[in-house]
Amino acid sequence: EGDAIRASVHTAARHRRRGNHARRSTSVRGAHERFRVYALEWDRAELAFFVDDRCFYRHRKQPAPGHGVDSTTWPFDEAFHLILNVAVGGDWAGR
């Protein structure tokens with residue numbers, strides 16, 4: 001898993017505790033061996049995640065099971081705090 005790059009989107013309706021959070025991963029050979037460029041493009045319809053100018057995940061505005069499209073499924077039209085987890089090290093993923 002040392003070459004894995006991950007993106008996760010957590011909302012009130014979709015998150016890890018419910019087991020339904022939106023997530024994707026991609027493999028980048030030698031991910032830890034040189035500088036990488038990460039990006040998130042955010043607009044009214046989607047969040048697009050990139051590594052080295054390559055989009056590997058698009059999270060589109062859509063209802064979650066049992067919900068319409070509202071602030072519990074798409075809070076990105078509301079004011080909020082953005083938390084970026086840029087953790088390095090440990091024993092998850094890179095080992």
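**Exercise 1. Find which residue of β5 stands opposite Leu47, then place this pair in its sheet.**

Step 1. Leu47 stands opposite His59 in β5. Strands here, numbered from the N terminus, are DSSP runs of E with at least two residues, while helices are runs of H or I with at least four. The model is a predicted one, in which local features need pLDDT of at least 70 and side-chain atom pairs count only at pLDDT 80 or more, whereas totals for chains, interfaces and linings use all residues. Residues are numbered from 1 along each chain as its sequence is written, and side-chain values use heavy atoms, with hydrogens and water left out.

Step 2. Leu47 is also the bridge partner of Trp42.

Step 3. β4 covers residues 46-51 and is joined to β3 by five bridges, the two strands running antiparallel. Six bridges join β4 to β5, again antiparallel. Two strands count as paired if DSSP finds at least two bridges between them.

Step 4. The result is an open sheet of three strands in the order β3-β4-β5, with antiparallel pairing. β3 (38-42) and β5 (54-60) each have a single partner strand and stand at the edges, so one side of each lacks a neighbour in the sheet. On average, neighbouring strands of this sheet are turned by 15° against each other, direction ignored. The axes behind this angle are lines fitted to C-alpha atoms, for helices over the stretch in contact, and angles run from 0 to 180 degrees between N-to-C directions.

**Exercise 2. Describe the connection between β4 and β5.**

Step 1. The two strands form a hairpin with two residues between them.

Step 2. In the turn, Asp52 has a positive phi of about 50°.

**Exercise 3. State which elements the chain has and how its residues are covered.**

Step 1. The chain has zero helices and five strands. From the N terminus on, the elements run β-β-β-β-β.

Step 2. Of the 95 residues, 28% count as buried. Buried means under 20% relative accessible area, exposed means over 50%, and partly exposed lies in between (1.4 Å probe, protein chains only).

Step 3. The chain exposes about 7,300 Å², and carbon and sulfur atoms supply 48% of that area. Accessible areas come from the Shrake-Rupley method with a 1.4 Å probe; for residues, only the protein chains shown count as cover.

Step 4. Among contacts in the chain with a separation of 6 or more, 44% are between residues 24 or more positions apart. A contact means heavy atoms within 4.5 Å.

**Exercise 4. Work out the surroundings of Glu46 and Thr26.**

Step 1. Glu46 is placed in strand β4 and counts as buried, at 14% relative accessibility.

Step 2. The side chains of Glu46 and Arg58 are joined by a polar contact of 2.5 Å. A polar contact is a pair of N or O atoms within 3.5 Å; within protein, one must be able to donate a hydrogen and the other to accept it, and residues adjacent in sequence count only if both atoms are side-chain atoms.

Step 3. Not counting residues up to four places away in sequence, Glu46 touches Glu41, Arg58, His59, Arg60 and Trp74.

Step 4. Thr26 belongs to strand β2 (residues 22-27) and is buried at 15% relative accessibility. Its side chain makes a polar contact of 3.0 Å with the side chain of Arg54.

Step 5. Leaving aside neighbours within four places in sequence, Thr26 is in contact with Asp3, Ala4, Ile5, Val51, Arg54 and Phe56.

**Exercise 5. Describe the aromatic pairs that involve Phe76.**

Step 1. Rings of Phe, Tyr and Trp (its six-membered ring) pair if their centres lie within 6.5 Å; planes under 30 degrees apart count as stacked, over 60 as edge-to-face and the rest as tilted. By this rule the count is three aromatic pairs.

Step 2. The ring centres of Trp42 and Phe76 are 6.2 Å apart and the planes stand at 85°, so this pair is edge-to-face. Trp42 lies in strand β3 and Phe76 in the segment after β5, so the pair ties together parts that are 34 residues apart in sequence.

Step 3. For Trp74 and Phe76 the centres are 4.8 Å apart and the planes at 80°, so this pair is edge-to-face.

Step 4. Ring pairs link Trp42, Trp74 and Phe76 into a cluster. Both Trp74 and Phe76 are buried, while Trp42 is partly exposed at 41% relative accessibility.
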